[in-house]
Structure formats: structure tokens, C-alpha cells
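Trainee: Got a minute? I'd like to go through this one with you.

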Amino acid sequence: MRHLLSIEDLSREDIERIVAQAERFAEVSDREIKKVPALRGRMVLNLFYEASTRTRSSFELAAKRLSADVVNFAASGSSVEKGESLKDTVLTLSAHRPDAIVLRTPWAGASELVSRWCAAAIVNAGDGKHEHPTQALLDVYTLRQRLGRIDGARIWIVGDVAHSRVARSNVLAFQRMGAAVTVAGPPTLIPRGVHELGCEVRYTLDELHGADVVYALRMQRERMSEQWVPSLREYAAWYQINARRLAPGQLLMHPGPVNRGVELSGEVVDSPQAVITAQVEAGVVVRMAVLYELLAGAREPAGAAQPPLEPSAAAQPLVGSRPA
Ligand code: CP
């Protein structure tokens with residue numbers, strides 16, 4: 001794997017391999033010193049043009065636990081504010097020879113473009129309304145931990161599908177893993193043609209009781225240029241997941257950040273059925289597995305003209321090795 005741009009590019013075997021690697025890395029997270037030398041000498045550049053709490057912090061932790069050097073770049077406070085373009089910013093930062101660039105932008109397709117401009121491996125950390133592949137991988141990991149297997153699971157993805165990059169990545173990933181996926185929400189927030197991804201579509205929650213997993217989406221008000229629902233109060237009346245709608249035994253997921261009182265009631269967020277903090281925890285080990293997949297096999301750091309001074313850290317055993 002050269003880049004991680006889209007779940008569409010991954011087979012079931014690819015997803016299983018990354019999840020299995022993440023399960024091995026979970027052991028590292030339980031150690032007193034949570035570090036392995038796998039990516040020593042490599043550089044990971046986190047390039048974020050949009051706000052993020054979960055994704056940015058977990059990529060930083062993941063890279064550090066693999067002993068990579070990490071550079072964090074936020075568009076706010078940078079020369080982007082003076083008008084520097086995405087391409088010129090990438091070319092400028094590429095002068096530091098990053099081995100991987102983790103990129104979040106509001107622009108669909110930006111990661112694919114950046115992958116053509118530089119030698120680094122590109123990880124799409126969310127590109128507009130298009131995809132968020134590492135979110136889908138960590139959600140697969142979380143479900144595997146909870147359900148054992150995803151084959152045959154009935155998963156409902158509920159809410160603002162139209163503005164959600166998570167919805168697209170997760171429909172693809174859950175189906176690759178054998179789940180039956182239904183998307184549900186108001187007709188204005190369900191994109192026409194979404195059934196072509198292979199999922200069922202519902203405009204009410206009348207059959208929600210048949211789901212094993214309820215995956216609620218955030219109302220993405222920052223991406224809405226017009227009024228898509230009459231009011232948030234009316235949206236909540238019809239589509240909010242609350243104690244009345246969440247059946248006993250159903251797992252509740254959400255990618256975060258949650259709008260309490262809109263797509264989820266406070267009581268279900270805080271209930272034992274919610275696995276939202278487990279999803280955040282999974283983010284670190286899954287992103288470790290993604291960086292390892294992309295970088296550990298590479299022969300030498302990107303752009304390196306000289307052979308490394310030490311044997312490649314990637315050749316060292318990962319799990320079971322002593323902490324660096
Ligand atoms: N789920 C997710 O991408 O959260 P952040 O925007 O906080 O990274």
C-alpha cells in the first residue's frame with residue numbers, strides 16, 4: 001500500500017490485515033513505556049486545514065508510539081493566511097522530506113491531488129464530504145472487539161448522510177466486512193443514488209429496532225449552505241437517537257464530536273450501550289497500524305540520498321520487542 005486515500009481502494013484482506021496489526025499494537029498501549037522503534041528515523045507531517053480533536057491527537061500519539069518524528073502544521077497561524085495555496089504549502093513542507101503526510105482538508109479529492117505532488121505517503125484524514133478512511137477502520141476495529149465478527153451484523157447509519165465523509169467510508173468498510181448496512185435520515189439529508197453503494201435506504205426510524213448497531217452521524221451545520229431541515233428541534237423529534245428509540249442490546253456509535261440534544265440525547269451518550277470513547281481509544285492503535293503499513297516496509301526514508309546509519313528499525317520485531 002503506497003497511500004491511504006479511500007476505503008474504496010482496500011480489499012477485505014487489506015482491512016483485516018490493518019485491524020490485526022492494530023490488535024497487536026494494543027499490547028504496546030498497555031505497557032508502562034508505550035513505544036516501539038518501528039518508525040525510528042521516519043518523519044510524519046500532520047497537515048490540518050480543518051478543526052480536529054480526535055484525528056489529530058491520535059495520529060500524533062500513533063506516530064510518537066512508533067518512534068517517528070512528528071511535525072504538526074495547522075493552516076491557522078501559517079502562511080496559508082497570507083494566501084499560500086495547498087500545492088505551494090505541500091511543496092514547501094516537502095523540503096523537510098516527510099515520509100508521510102496526514103492530511104485533513106475541507107476539499108473532496110485533496111489527498112489524491114497531494115499524492116501526485118510529493119514523494120511522501122499520503123493518509124487521508126478527512127477530505128470534505130468525500131471520505132475518512134481511518135475513521136472507518138477504527139470503527140471496524142471497535143465493532144470487532146465488541147461483536148467478535150461483523151459478518152451478518154445489521155448496521156444502521158442515521159442522520160446527515162449528505163454532508164458526511166464518515167458515512168461513505170463506513171458504508172463501504174462495513175459492507176466489505178460482511179455487514180448489511182442501512183442509511184436513514186430525512187430525504188433532504190440522504191444523497192440521491194446512495195443505494196448504489198449497496199446499502200438500503202430508509203426515511204424513518206420505524207424499523208430501527210431490527211439493527212444490531214446504531215451509528216449516529218453529526219449534523220454538519222458548518223457544511224450546510226442552506227436550510228436542510230425545518231429546525232433542529234424538528235430534526236430531533238423525528239431522528240434523534242434517544243432512550244425511547246435505542247433498543248436494549250443495540251450498540252451505539254458516533255464518530256464525534258457529538259451535538260448532545262440534537263442527533264443523540266445526553267442519556268444515550270452516557271449509557272453503557274455507547275462505545276464512543278472506545279472508538280476514540282481505537283483511533284490510536286489503528287492509526288499506528290496504518291502508519292506502520294505505509295512506512296515500515298518502505299526501504300528508506302522519502303528523499304534520502306544516503307543509506308541510513310543504522311539498520312532499518314522496521315526490521316526489528318514490533319510486538320514483544322523491548323520498549324525503545
Ligand atoms: N471523528 C473525527 O474525525 O473527529 P475530529 O474531527 O475531532 O478529528
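Mentor: Sure. Keep in mind that this is a predicted model. Let's start with a helix pair: α2 and α9 cross in a right-handed way.

Trainee: Which residues of α2 and α9 make that contact?
Mentor: From α2 you have Arg 54, Thr 55, Ser 58, Phe 59, Leu 61, Ala 62, Ala 63 and Arg 65. From α9 come Val 280, Gly 283, Val 284, Arg 287, Met 288 and Leu 291. By class, that contact has eight nonpolar, three polar and three charged residues.

Trainee: And at what angle do the axes of α2 and α9 cross?
Mentor: Roughly 50°, with the axes coming within 8 Å. That makes α2 oblique to α9.

Trainee: What about α5 against α9, which hand is that crossing?
Mentor: Right-handed. The axes of α5, residues 133–147, and α9 come within 8 Å and cross at roughly 115°.

Trainee: Which residues of α5 and α9 are in contact there?
Mentor: On the α5 side, Thr 134, Gln 135, Leu 137, Leu 138, Asp 139, Tyr 141, Thr 142 and Arg 146. On the α9 side, Ala 278, Gln 279, Ala 282, Gly 283, Val 285, Val 286, Arg 287 and Val 290. The classes come out as eight nonpolar, five polar and three charged residues.

Trainee: Switching to the ligand. Which residues are around it?
Mentor: Ser 52, Thr 53, Arg 54, Thr 55, Arg 104, His 132, Gln 135, Pro 255 and Gly 256. Arg 54 and Thr 55 also turned up in the contact of α2 with α9, and Gln 135 in the contact of α5 with α9.

Trainee: Which polar side-chain atoms lie by an oxygen atom of the ligand?
Mentor: One belongs to Thr 55, at 2.6 Å from a ligand oxygen. Another belongs to His 132, at 2.9 Å from a ligand oxygen.

Trainee: What is 2.8 Å from a nitrogen atom of the ligand?
Mentor: A polar backbone atom of Pro 255.

Trainee: Any odd backbone geometry I should look at?
Mentor: Two spots. As background, most residues other than glycine have a negative phi, and most peptide bonds are trans. Here, Gly 256 and Pro 257 are joined by a cis peptide bond, with omega about -10°. Pro 257 sits in the loop between β9 (251–253) and α8 (266–269).

Trainee: And the other spot?
Mentor: Ser 67, a non-glycine residue with a positive phi, near 70°.

Trainee: Where is Ser 67?
Mentor: In the loop between α2 and β2 (69–74).

Technical notes. Residues numbered from 1 in each chain as written. Predicted model: local features only at pLDDT ≥ 70, side-chain atom pairs only at ≥ 80, totals over all residues. Heavy atoms only, no water. Axes fitted to C-alpha atoms, helices over the stretch in contact; angles between N-to-C directions. Helix = DSSP H or I, 4+ residues; strand = E, 2+ residues; numbered from the N terminus. Parallel < 35°, antiparallel > 145°, perpendicular 65-115°, else oblique. Left-handed = near helix turned anticlockwise from the far one by under 90°. Contact = heavy atoms within 4.5 Å. Nonpolar A, V, L, I, M, F, W, Y, C, P; charged D, E, K, R; others polar. Near = heavy atom within 4 Å. Polar contact = N/O pair within 3.5 Å; in protein donor to acceptor, adjacent residues only side chain to side chain.
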